[in-house]
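Let's take a walk through this protein together. Have the sequence and the 3D view open as you read.

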Amino acid sequence: MEQITLSADKRSETGKSASRRFRREGRVPAVLYGPAIEGSIPLVVNGREFNKLLHGSAGENAIISLNFGGADQDRMVMLKEIVRDPVHSSVVHVDFIEVVLGQSITVEIPLILIGKAEGQTLGGIVQHGVRKVTVACLPRSIPDSLEVDVTSLGIGQAFHLKDVKLPDGVTLVDDPDITVVSIAAPLAEEEAKTGEEVEEELAKSFQEKEGEGEAEGEKE
């Protein structure tokens, strides 16, 4: 897992007006939490640097060396929560959580499907399940993503979380029987004919009603 350095400043001003001013200046209000921190530490980070961090290879699971006041103030942290503007999706607030490098943590890792399933080439339908998996590991062992090779999946087969190959030191937290991806059978001929039969029945019904209408007209 890549380690990134991010500079921050402590802030004494809080509240909506101060937060708006920080954002106008291109800075993002933030808060640092941690087991050894009493309450929390209000901070502000450079918005451009933070967005660059988010778009890096590690993404939201990056281990960040957060500096706010000199080398002796560095804290190893991870992102706990990111609050975004509902209209523009810009970051408006960040929560950091301090981590201890020797203690296991729980994180969500994206699942990446690779290959084309054998069943898909035969007309099978790919059905996606979960796209992320929760694992436990040491902070420096967090994988950026986990690959799921679906090449061997045939029609009627599925790939579950228990089938995901985990790196050494990484353990599964989620239910191992949760489905990641499955290959459903193509529409059966009977199901395909059902639509035709429905159309035939509707046409027949329409013809019968027309016939009834003509009969009534003759009676009049």
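The report below goes from the overall chain to its cores, ring pair, salt bridges and a buried polar residue.

## The chain as a whole

Please keep in mind that this is a predicted model. The protein chain is built with four helices and 13 strands. It has 220 residues, and 33% of them count as buried.

How much of the contact pattern comes from residues 24 or more positions apart? Among contacts in the protein chain with a separation of 6 or more, such pairs account for 65%. On the outside, the protein chain exposes about 13,800 Å², with carbon and sulfur atoms supplying 47% of that area.

## Two nonpolar cores

In soluble globular proteins, nonpolar side chains tend to be buried together. Here the largest nonpolar core has 24 residues, and L111, I142, V164 and V180 are the ones with the most contacts inside it. Two or more residues of this core come from each of strand 5 (75-84), strand 7 (105-114), strand 9 (132-137), strand 10 (146-149) and strand 13 (179-184). Strand 7 gives the largest share, four residues. Apart from this core lies another one, of 23 residues, including A30, I64, I82 and F96.

V164 is a good place to zoom in on the largest core. Which residues does V164 touch once its neighbours within four places in sequence are left aside? They are L111, L146, V148, F159 and V180. Two of these partners, L111 and V180, are also listed with V164 among the residues with the most contacts inside the core.

## Around L6 and the ring pair

L6 is found in strand 1 (residues 3-10). Is L6 buried or exposed? With a relative accessibility of 1%, L6 counts as buried, because the cut-off for that is under 20%. Beyond its neighbours within four places in sequence, L6 is in contact with V45, E49, F50, L53, I64, S65, L66, N67 and F96. One of these partners, I64, is 58 residues away from L6 in sequence, while their C-alpha atoms are 6.6 Å apart in space.

Two of the contacts of L6, F50 and F96, deserve a second look. A search of the whole structure finds one aromatic pair. Its rings belong to F50 and F96; their centres are 6.4 Å apart and their planes stand at 85°, so the pair is edge-to-face. F50 lies in helix 2 and F96 in strand 6, so this pair ties together parts that are 46 residues apart in sequence. Both F50 and F96 are buried.

## Salt bridges

Side chains of opposite charge can pair when their charged atoms come close. The structure holds five salt bridges. In one of them, E98 and R75 meet with an N to O distance of 3.2 Å. Since E98 lies in strand 6 (residues 91-98) and R75 in strand 5, the pair ties together parts that are 23 residues apart in sequence. R75 is partly exposed, at 22% relative accessibility.

Another salt bridge joins K162 and D177, whose closest N and O atoms are 3.0 Å apart. This pair links distant parts of the chain: K162 is in the loop between strand 11 (158-160) and strand 12 (171-172), and D177, 15 residues away, is in the loop between strand 12 and strand 13. K162 counts as exposed at 52% relative accessibility, whereas D177 is partly exposed, with a relative accessible area of 46%.

There is also a network: E13, R21, E25 and R27 are joined by salt bridges that share partners. Within it, E25 and R27 form a salt bridge with their closest N and O atoms 2.8 Å apart. E25 is partly exposed at 45% relative accessibility, and R27 is partly exposed too, at 27%.

## A buried asparagine

The last stop is N61, in the loop between helix 2 (47-54) and strand 4 (63-67). With a relative accessible area of 13%, N61 is buried. What lies 2.8 Å from a polar atom of the side chain of N61? The backbone oxygen of E108 does. E108 falls within the residue range of strand 7 (105-114), the strand that gives the largest share of the largest core.

Conventions. Residues are numbered from 1 along each chain as its sequence is written. This is a predicted model: local features need pLDDT of at least 70, side-chain atom pairs count only at pLDDT 80 or more; totals for chains, interfaces and linings use all residues. Side-chain values use heavy atoms; hydrogens and water are left out. Buried means under 20% relative accessible area, exposed over 50%, partly exposed in between (1.4 Å probe, protein chains only). Contact means heavy atoms within 4.5 Å. Accessible areas come from the Shrake-Rupley method with a 1.4 Å probe; for residues, only the protein chains shown count as cover. A polar contact is a pair of N or O atoms within 3.5 Å; within protein, one must be able to donate a hydrogen and the other to accept it, and residues adjacent in sequence count only if both atoms are side-chain atoms. A nonpolar core is a set of buried Ala, Val, Leu, Ile, Met, Phe, Trp, Tyr and Cys residues joined through side-chain atoms within 4.5 Å. A salt bridge is a side-chain nitrogen of Lys or Arg within 4 Å of a carboxyl oxygen of Asp or Glu. Rings of Phe, Tyr and Trp (its six-membered ring) pair if their centres lie within 6.5 Å; planes under 30 degrees apart count as stacked, over 60 as edge-to-face and the rest as tilted.
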